[in-house]
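Me: Hi! Could you walk me through this protein before I head back to the bench?

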Amino acid sequence: MTQRPLGAQISHMLKARGVDVIFGIPGVHNVEMYRGIEEAGIRHVLARHEQGAGFMADGYARASGKPGVAYVITGPGLTNAMTPMGQAYSDSVPMLVISSCLDETAARRGQLHQMIDQEGAARCICDWSHETKSAGATYALVERAFNEFATARPRTKHLQVPIALGGSLADPAPAPVETRAKRPVARKEDVAAAAEALQEAKRPMVLFGGGSVGAGAAARAVVERSGAAAMTTYAGRGVVGADLPLDFGAYLARPDSAEVLARADLVLVVGSELSEIDLWRDELGHTGRMIRVDIDPVELEHPRAELCILSDADAFLVALAESLPDRAEPKWDAAVVAATKSRWRVEVEAERPGIVPVVDALRAACPAETMIYSDMTQFAYAAKEVWPMDRPGHWHHPFGYGTLGYGMPAAIGGAIARDGKPTLAICGDSGFQYTVQELGTAVEHGLPLPIILWDNGKLKEIEDAMIRSQIAPNAVVARNPDFCALAKAYGAHAVQPGSLDDMGAAVRAAFDADRPTLIHVQAGIGG
């Protein structure tokens, strides 16, 4: 066995577990972690800020289905990455952040990058945070992280390696464990009970959350074979396709969706927390029978659910589809479903004037397999409701933690994972400036990434909230730069279309470009 510094051995261990890309920024405290990256055959993507590195790892994980990995330094490197760590935690994204840490902090003060409790700080924002004391402990924790990513609800993990330990000689890590534990699978009797309940119900509804996006054809089959209607959370969009006659779409957060759900005599909830960010109201609105299926046992603690099933959503939906007849008569009126969606779309248009036509034009310009990463911006808020997705897992948004600055760096990670497949970023004029420096990363890697910059010249969502609260708008307007000039300064293409047709042409050209293209879309472009 060949001994190498532990930092190098970690990279080899990650490579053996399928890691092909690491996002990060080297510093004097984590240089040993960089010793083995090239030797292990791993690509390193240099971010311009640790926040960008974390968002890139998040976007990479969402696109690839593999854990995203970020390397950061002690102290400020980790705290800069904590916002994306929190985002990945809240949205169930598998991300492993490995940082360096000081060898000793109790007896010495005033050290470079010193924190009072670095391990504890990270623990506040992720699934777990541990400092390693030996090479063996390091390997065990990395193995634990990958096991948990594969078998449980995936969430951010943080591992910190003392500086001296990272540079000390260590034997290679053990070979990957060949037989990991599996994700929980529903008992046959529970699947049978759910199938029976769906068949007995006169007006069943299946509500799909983000945990079900891997189910694909099985999710649609369950709806068609039971005669049920479907509705999705924002994160569950596309799981049943865009053309299912009994699909109410991603309008769950519409206030009167509660009235629709109240008409159901059974609601089957698959892979959703039914959280504030799913409902934007206190209650679902349904008071009848409920069955819940989730991989996280905490989410099954619902007072009204008559049956709670701990299971991987994909496996459950496959088994449930097989337990149902080939097809059932529709138990909802497809015309009523279509009319309800049309009414909700009109409501979105009224609430956010001028945005929906731009959304429609952008959708028409995007290839079918486009993967989209959006930021916290009114354009995305409207699009998440009115843009029907024909496939799951192709629109990513900072749902839970709700941070600004997510869209572009996450799209960079997604574009790297997808290697040439169409990927699109949507940002607002304020959120874009949180991580604008990552344009340099996208240019450096020659990514054909269209970046839609929705510019309404203000924090419009906050202004609207102030007005609703009868507060005179304050601190909602900031001086913006010349965005196209700024993008060109980074080496990117940039265009400011004057019409929706021009915007569509710019988007199509950007997918074939040799570098990212900033498409500066000003509010009012749609007339």
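Reply: Happy to; we can go through the pockets, the nonpolar cores and a sheet, keeping in mind that this is a predicted model.

Me: Pockets, please. What volume does the largest pocket have?

Reply: The largest pocket comes out at about 1100 Å³. It is lined by 48 residues, and those closest to its centre are D91, S92, G210, G211 and V213.

Me: Which helices or strands supply that lining?

Reply: Each of these gives at least two residues to the lining of the largest pocket: α3 (50-64), α6 (135-151), α11 (276-279), α12 (313-323) and β15 (395-396).

Me: And how many of the lining residues are nonpolar, polar or charged?

Reply: For the largest pocket, the lining splits into 19 nonpolar, 16 polar and 13 charged residues.

Me: OK, what about the volume of the second largest pocket?

Reply: That pocket has a volume of about 930 Å³. Its lining has 34 residues, with W280, R352, Q378, Y381 and E461 closest to the centre.

Me: Which element gives the most to that one?

Reply: Helix α19 does, with six residues in the lining of the second largest pocket. α15 (378-386), α17 (429-432) and α19 (460-468) each supply at least two. By class, the second largest pocket is lined by 14 nonpolar, nine polar and 11 charged residues.

Me: Switching topic: which residues have the most contacts inside the largest nonpolar core?

Reply: Those are M205, F248, L362, W387 and V507, in a core of 50 residues. Helix α14 (residues 356-365) brings the largest share of this core, six residues.

Me: I'm curious about F248. What does it touch?

Reply: Leaving aside residues up to four places away in sequence, F248 is in contact with M205, A229, A230, M231, V260, W332, V337, T340, K341 and W344. There is also a second, separate core, with 49 residues, including I25, L447, C484 and L518.

Me: Last one, the sheet. In what order do the six strands run?

Reply: The order is β15-β14-β16-β17-β19-β18, in an open sheet with parallel pairing. At the edges sit β15 and β18 (493-495), each paired on one side only. β15 is also one of the elements that supply at least two residues to the lining of the largest pocket.

Me: How many bridges join β14 to β16?

Reply: Four bridges link β14 (residues 371-374) with β16 (residues 423-428), and these two strands run parallel. If you want a spot to look at, S374 lies opposite I426 in β16.

Technical notes:
Residues numbered from 1 in each chain as written. Predicted model: local features only at pLDDT ≥ 70, side-chain atom pairs only at ≥ 80, totals over all residues. Heavy atoms only, no water. 1 Å grid on protein atoms, 1.4 Å probe; cavity = no way out; pocket = protein on both sides within 12 Å on 5 of 7 lines; lining within 4 Å. Points joined across faces, edges and corners; volume = space filled by probe spheres on them. Nonpolar A, V, L, I, M, F, W, Y, C, P; charged D, E, K, R; others polar. Core = buried A, V, L, I, M, F, W, Y, C linked by side-chain atoms within 4.5 Å. Buried < 20%, exposed > 50% of the residue type's maximum accessible area, 1.4 Å probe, protein only. Contact = heavy atoms within 4.5 Å. Pairing = 2+ DSSP bridges.
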